[in-house]
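I opened a fresh notebook page for this one and wanted to see what the fold would tell me. Here is what I looked up, in the order I went.

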Amino acid sequence: MLVTLIIACEVGFWLLLAGGLALRYLARMPRLGAAVLLCEPLLELVLLVATTLDLRNGGEPSWRHGLAAVYIGYTVGYGHYTVKWLDRHAAYRFAGGPKPAGAGYGKERAVHEWKLWLRTLAGAAVAAALLQGAIWYAGGAADTSALEACQFAVLRAVGIHAVVAAAYTIWPPKAPAVAGAPDSPLVKDGS
């Protein structure tokens, strides 16, 4: 039941997002679209309540509860960012807004990757706190090893993302050569 609710929350997130953006840019109803987009955190609240009730009613702490905590943490870390990113792209595509800038190159890209890592860290902190709360809530008699394993998985994800961000810092991608630029390999000698 909990996994089904997590899937329903994910589907609901994307449906609310698509509906909110469609109302904002296709139907030209920006306030109603914003109201729909503001309903998205309610999905995570429903999931949090359902997870708590499941544990309260004697549910054995399992990976399902861990997945719910990780999903809520991810949404806290990346939900608003995802909505803003898609909103900028929808504004460009459907409302004549400015073209969204990419992640960039060089130092700019490294900074972008570290900002993403901070989002991962924030999401992981929320997930780990929710998991710890579930461990305490379940009590000493329950087997909470699945929840503890989820905590370690979240920490590993933060570590892996830090390695990725560090790689972009050490080896930042270079901007592609522009045809006609003096240093461009696309410019032939004498032309």
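Before placing anything in a loop, I noted how helices are set here: they are DSSP runs of H or I with at least four residues, numbered from the N terminus. I also reminded myself that this is a predicted model.

**Entry 1: a loop residue.** I looked for R28 and found it in the loop between α1 and α2 (30-37). Its phi is near 55 degrees, a positive value in a residue other than glycine. That made me pause, since most residues other than glycine have a negative phi. Is R28 buried or exposed? R28 is exposed, with a relative accessible area of 55%. Along the chain, this positive phi comes just after α1.

**Entry 2: the helix before that loop.** Next I went back to α1 itself, which has 25 residues. From its first C-alpha to its last, α1 reaches 35 Å, close to the 36 Å expected at 1.5 Å a residue. I then listed its buried residues: L2, L5, I6, C9, G12, F13, L17, G20, L21 and Y25. What covers them? The cover includes α2, α3 and α4.

**Entry 3: the cores.** I turned to the largest nonpolar core, which has 18 residues. Which of them touch the most other members? They are C9, F13, L17, L21, L47 and Y71. Helices α1 (2-26), α3 (40-56) and α4 (63-95) each supply at least two residues of this core, and α1 gives the most, with eight residues. I picked L17 for a closer look: leaving aside residues up to four places away in sequence, L17 touches L37, E40, V83 and L86. There is also a second, separate core of seven residues, and among them are L131, A134, L147 and C150.

**Entry 4: charged pairs.** Side chains of opposite charge can pair when their charged atoms come close, so I went looking for such pairs. How many salt bridges are there? The count comes to two.

The pair I checked to begin with was R24 with D87, whose closest N and O atoms are 3.4 Å apart. R24 lies in helix α1 and D87 in helix α4, so this salt bridge ties together parts that are 63 residues apart in sequence. R24 counts as partly exposed at 25% relative accessibility, whereas D87 is buried, with a relative accessible area of 17%.

The other pair is E113 with R109, where the closest N and O atoms are 2.8 Å apart. Both lie in helix α5 (residues 106-138), four residues apart, about one turn of the helix. I noted E113 as buried, at 7% relative accessibility.

**Entry 5: the surface.** I finished on the outside. Which residues make a nonpolar surface patch of about 410 Å²? They are L42, L45, L48, V49 and L53. I looked up L53 in particular: it is found in helix α3 and counts as partly exposed, at 38% relative accessibility.

My last stop was L32, in helix α2. L32 is partly exposed, with a relative accessible area of 41%. I took a distance from there to V154, which is 122 residues away along the chain, and the C-alpha atoms of L32 and V154 are separated by 36 Å.

Definitions and conventions: Residues are numbered from 1 along each chain as its sequence is written. This is a predicted model: local features need pLDDT of at least 70, side-chain atom pairs count only at pLDDT 80 or more; totals for chains, interfaces and linings use all residues. Side-chain values use heavy atoms; hydrogens and water are left out. A nonpolar core is a set of buried Ala, Val, Leu, Ile, Met, Phe, Trp, Tyr and Cys residues joined through side-chain atoms within 4.5 Å. Buried means under 20% relative accessible area, exposed over 50%, partly exposed in between (1.4 Å probe, protein chains only). Contact means heavy atoms within 4.5 Å. The expected span of a helix is 1.5 Å times one less than its number of residues. A salt bridge is a side-chain nitrogen of Lys or Arg within 4 Å of a carboxyl oxygen of Asp or Glu. Patches are made of residues with over 30% relative accessible area and no salt bridge: like charges are joined within 9 Å, nonpolar side chains (Val, Leu, Ile, Met, Phe, Trp, Tyr) within 5 Å. Accessible areas come from the Shrake-Rupley method with a 1.4 Å probe; for residues, only the protein chains shown count as cover.
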